[in-house]
Amino acid sequence: MDEKRLTIIASSFEEVALEFHRTKLSSKGYRMDGRIVSQRFQFMDGLERKDLFDGKMMFAVSFVKDTHEKPVL
């Protein structure tokens, strides 16, 4: 995974949190960029907004890859 930002979306808070640990994102240099929150997702199709996930509230959190070099001790 070489992305600088990653967002995980799931049906429950627990699924989002567990996926972070299951895929060892921390050891791959990712950190949370905010809190895990429940929200509705939409996308723009031209000038029309359309619901994703049939309008169901989903839990999501974004992660950002830390690009700062860690000091060598």
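The legends below describe three close-up views of a predicted model. Residues are numbered from 1 along each chain as its sequence is written, and side-chain values rest on heavy atoms, with hydrogens and water left out. Because the model is predicted, local features need pLDDT of at least 70 and side-chain atom pairs count only at pLDDT 80 or more, whereas totals for chains, interfaces and linings use all residues.

**View 1. Lys24 in the loop between α1 and β2.** Lys24 sits between α1 (13–22) and β2 (30–32), where helices (H or I, at least four residues) and strands (E, at least two) are DSSP runs numbered from the N terminus. Although Lys24 is not a glycine, its phi is positive, at about 55°. With 54% relative accessibility, Lys24 counts as exposed (exposed is over 50% relative accessible area, buried under 20% and partly exposed in between, with a 1.4 Å probe and protein chains only).

**View 2. Phe53 in the loop between β5 and β6.** The loop that holds Phe53 runs between β5 (48–51) and β6 (58–65). Phe53, which is not a glycine, has a positive phi of about 55°, and its relative accessible area of 40% makes Phe53 partly exposed.

**View 3. Ser62 in strand β6 and its contacts.** Ser62 belongs to strand β6 and is buried, at a relative accessible area of 18%. A polar contact of 2.6 Å joins the side chains of Ser62 and Thr7 (a pair of N or O atoms within 3.5 Å; within protein, one must be able to donate a hydrogen and the other to accept it, and residues adjacent in sequence count only if both atoms are side-chain atoms). Leaving aside neighbours within four places in sequence, Ser62 is in contact with Arg5, Leu6, Thr7, Arg31, Met32 and Asp33, contact being heavy atoms within 4.5 Å.
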